[in-house]
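Please work through the exercises below with the sequence and the structure at hand. Each task is followed by a solution in steps.

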Amino acid sequence: MKEEFLRPGLLCEGNSDERYLSHLIHKQLLYLLKASDRHVNVLGCEVSDVRTTRSADDVLTEARSLARDCQVLFVHCDWDAAEKAHAYVAALEAWRTEHKRAAQPVALVPVLMTESWMLADKGALEKVVPGLDLDGYPYGTPAEVEKHVGAAGKAKGEKLGPKQVWKQLLGADAHAVLQDDADRLVEYTDLDELDKVPSYRAWRKATEAALTPRYL
C-alpha cells in the first residue's frame, strides 16, 4: 500500500498555546486516521512564529506561505476572537480556489481559551502533576470548563476563568507547569473525555471534514 504524508500547520494566538496545541493536533490526527484504510504518515506540526494577534495582512501572508507546505492548516484564536479565526479560514478557502494543492484550513477556537481544554480531563491532570491537590477542582463535567465557575473559599458569586482555576490549583507554578508539561498533558489526555467539551467536539468534526475524502 502506498504511504501518504500529512503535515499539519498551525498559526496560534500566543506563545503559551503553541506547545499544547501542536501536540494535540498531532494526537488528534492520529486518532482520526485510525478509521482510514490508507497508510498515512502524520508528520510533526509546523508552527508559525507569526501570531494571529498580528495584523490581518501579516497573518494571511504567513498563512498562505505555510499552506503551501502543509496539507491541513489550523488557525487558532480564543473565543473572544472567534470571528477573526473564521474570517481567516474563509479568506484562505477563497484563495485555495486557485491554489488547489494548498492546505485545507480549519478554525481552532477553544472556549473559553486553550487552558479550558487543558483542564477538561481530571485524570490526566493527576498523572501529569503528581501530588496535585484536586479538592479545589471546580468542574463537575468536562463541558463545564467552558464556563466561569465558583471556587472554594471565594466570595459568593465570584467566578473564575480557566487561567484563575490553574492558579488556584498550582499556585505560583501554574505558568511553568502549563509550559513545561503541556506535551505530557496531551499524552495522558483521553480524547473521548475531551470530546465531551462542545468547542473541542466542533473542532474535531471540522478536522474530520478537512481530511475527507483525501485521507478518510
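The exercises that follow concern a predicted model.

**Exercise 1. The nonpolar cores**

Task: Identify which residues touch the most other members of the largest nonpolar core, and which helix gives the most to this core.

Solution.
Step 1. The largest nonpolar core has 50 residues. Those that touch the most other members are Tyr-20, Leu-24, Trp-117, Trp-166, Leu-194 and Trp-203.
Step 2. Helix 1, spanning residues 15-32, gives the most to this core, contributing 6 residues.
Step 3. Take Leu-24 as an example from this group. When residues up to four places away in sequence are not counted, Leu-24 touches Trp-117, Val-186, Leu-191, Leu-194, Tyr-200 and Trp-203.
Step 4. Another core, of 21 residues, lies apart from the largest one. Its members include Tyr-88, Ala-103, Ala-107 and Val-109.

**Exercise 2. Pocket and cavity**

Task: State what volume the largest pocket has and what volume the largest cavity has, and describe the lining of each by class.

Solution.
Step 1. Rolling a probe the size of a water molecule over the atoms shows where empty space is left.
Step 2. The largest pocket holds about 240 Å³ of space. It is lined by 14 residues, of which Gln-71, Lys-100, Arg-101, Ala-102 and Arg-214 are the closest to its centre.
Step 3. The pocket lining comprises 6 nonpolar, 3 polar and 5 charged residues.
Step 4. There is 1 cavity of 30 Å³ or more in the structure, and the largest cavity has a volume of about 50 Å³.
Step 5. Around the largest cavity are Met-118, Leu-125, Val-128, Val-129, Trp-166, Val-177, Leu-178, Asp-181, Ala-182 and Leu-185. Two or more lining residues come from each of helix 5 (122-128), helix 7 (174-180) and helix 8 (182-188).
Step 6. By class, the cavity lining has 9 nonpolar residues, no polar residues and 1 charged residue.

**Exercise 3. Two glutamines**

Task: Determine which side chains make polar contacts with the side chain of Gln-104, and explain why Gln-179 counts as partly exposed.

Solution.
Step 1. Gln-104 belongs to strand 6, residues 104-108.
Step 2. Its side chain makes a polar contact of 2.6 Å with the side chain of Glu-93. A polar contact of 3.1 Å also joins the side chains of Gln-104 and Arg-96.
Step 3. Leaving out residues up to four places away in sequence, Gln-104 touches Gln-71, Val-72, Leu-73, Glu-93, Arg-96 and Ala-210.
Step 4. Gln-179 is located in helix 7. Gln-179 counts as partly exposed because its relative accessibility is 23%, and partly exposed covers values between the limits of 20% and 50%.
Step 5. Beyond its neighbours within four places in sequence, Gln-179 is in contact with Asn-15, Ser-16 and Arg-19.
Step 6. From C-alpha to C-alpha, Gln-179 and Trp-95 are 35 Å apart in space, with a separation of 84 residues in sequence.

**Exercise 4. Peptide bond geometry**

Task: For the peptide bond from Val-111 to Leu-112 and for the one that joins Thr-212 and Pro-213, decide: cis or trans?

Solution.
Step 1. Most peptide bonds are trans.
Step 2. From Val-111 to Leu-112 the bond is cis, with omega near 5 degrees. Leu-112 is placed in the loop between strand 6 and helix 4 (114-119).
Step 3. The bond between Thr-212 and Pro-213 is cis, with omega about 5 degrees. Pro-213 falls in the segment after helix 10 (198-211).

Notes:
Residues are numbered from 1 along each chain as its sequence is written. This is a predicted model: local features need pLDDT of at least 70, side-chain atom pairs count only at pLDDT 80 or more; totals for chains, interfaces and linings use all residues. Side-chain values use heavy atoms; hydrogens and water are left out. A nonpolar core is a set of buried Ala, Val, Leu, Ile, Met, Phe, Trp, Tyr and Cys residues joined through side-chain atoms within 4.5 Å. Buried means under 20% relative accessible area, exposed over 50%, partly exposed in between (1.4 Å probe, protein chains only). Helices (H or I, at least four residues) and strands (E, at least two) are DSSP runs, numbered from the N terminus. Contact means heavy atoms within 4.5 Å. On a 1 Å grid over the protein atoms alone, a cavity is a set of points where a 1.4 Å probe fits but cannot get out, and a pocket is an open set with protein on both sides within 12 Å along at least five of seven lines; lining residues have an atom within 4 Å of a point. Grid points are joined across faces, edges and corners, and a volume is the space filled by probe spheres set on the points. Ala, Val, Leu, Ile, Met, Phe, Trp, Tyr, Cys and Pro count as nonpolar, Asp, Glu, Lys and Arg as charged, and the others, Gly among them, as polar. A polar contact is a pair of N or O atoms within 3.5 Å; within protein, one must be able to donate a hydrogen and the other to accept it, and residues adjacent in sequence count only if both atoms are side-chain atoms.
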